[in-house]
Amino acid sequence: AAAAAAAVDVSVRLQAAEKALADAKEQLRKSVEALGQAEANKTTWGKEKRALEESLKAAQKAAAEAEALRGERDGLRAEVDRLKAAAASQERDLAVAKEQARSLSQTLSAPATPAGKKKDKGASSAASTPLPAAAAAA
């Protein structure tokens with residue numbers, strides 16, 4: 001009877017062990033499946049990470065190029081302003097030269113003054129004023 005009881009006890013423990021083994025196998029299968037999914041995700045995440053890094057590099061390069069272009073644009077604006085100022089200065093010089101030329105022309109076309117009379121002081125000073133380079137070029 002003791003042997004029969006021991007056999008029943010061993011049989012019950014064997015069934016419990018088989019059940020535990022089946023549960024462990026199922027858990028192992030799920031773990032392997034989860035590990036496979038994690039590896040797939042890791043690969044996907046790695047690809048996404050590389051794509052994001054490349055996008056970041058491209059954005060940084062574009063930002064650097066934009067900054068360089070802003071600097072170039074500012075330099076060109078400064079050059080345009082300088083050229084406008086130079087043109088305005090030349091226009092003023094030309095206007096002065098035209099006025100001096102007109103005055104000189106009037107002086108030269110005026111009748112000669114007799115020896116006893118005084119010359120027109122304004123005409124004399126206009127004639128002796130040197131013409132700016134812009135007037136000479138015009």
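# Helices and salt bridges in a predicted model

R73 is partly exposed, with a relative accessible area of 38%. The category follows because 38% falls between the 20% limit for buried and the 50% limit for exposed. R73 forms a salt bridge with D74. The closest N and O atoms of this pair are 3.4 Å apart. D74 is partly exposed too, at 41% relative accessible area.

## The chain as a whole

The model is predicted. Its protein chain averages a pLDDT of 84. Of the residues, 80% score at least 70. The chain has three helices and zero strands. From the N terminus on, the order is α-α-α.

Confidence varies between these elements. Helix α1, residues 2-109, has the highest mean pLDDT, 92. Helix α3, residues 133-137, has the lowest, 49.

## Helix α1

How many residues does α1 have, and how far does α1 reach? The helix has 108 residues and reaches 155 Å from its first C-alpha to its last. That is close to the 160 Å expected at 1.5 Å a residue.

Burial is scarce in the chain: buried residues make up 5% of its 138 residues. Within α1, the buried residues are G46, A97, Q100 and S103. The accessible surface of the protein chain comes to about 11500 Å². Carbon and sulfur atoms account for 61% of that surface.

## Salt bridges

Side chains of opposite charge can pair when their charged atoms come close. The structure holds eight salt bridges. The table gives some of them.

| Salt bridge | Closest N and O atoms |
|---|---|
| E33 and R29 | 3.2 Å |
| D74 and R73 | 3.4 Å |
| R82 and E79 | 2.7 Å |

Take R82 and E79. Their side chains meet at 2.7 Å, N to O. Both residues lie in helix α1, three residues apart, about one turn of the helix. R82 counts as partly exposed, with 47% relative accessibility. E79 is also partly exposed, at 34%.

Some bridges are linked. Salt bridges that share partners join E26, R29 and E33 into one network.

Now for two members of that network. E33 and R29 form a salt bridge, with the closest N and O atoms 3.2 Å apart. Both lie in helix α1, four residues apart. That spacing is about one turn of the helix.

Is E33 buried or exposed? E33 is exposed, because its relative accessible area of 55% is over the 50% cut-off. R29 has 42% relative accessibility. R29 therefore counts as partly exposed, since 42% does not pass the 50% cut-off and is not under 20%.

## In brief

This is a predicted chain of three helices. Its helix α1 reaches 155 Å. Both the E33 and R29 pair and the R82 and E79 pair lie in α1. Buried residues make up 5% of the chain.

Conventions:
Residues are numbered from 1 along each chain as its sequence is written. Side-chain values use heavy atoms; hydrogens and water are left out. pLDDT is the predictor's confidence in each residue, from 0 to 100. Helices (H or I, at least four residues) and strands (E, at least two) are DSSP runs, numbered from the N terminus. A salt bridge is a side-chain nitrogen of Lys or Arg within 4 Å of a carboxyl oxygen of Asp or Glu. Buried means under 20% relative accessible area, exposed over 50%, partly exposed in between (1.4 Å probe, protein chains only). Accessible areas come from the Shrake-Rupley method with a 1.4 Å probe; for residues, only the protein chains shown count as cover. The expected span of a helix is 1.5 Å times one less than its number of residues.
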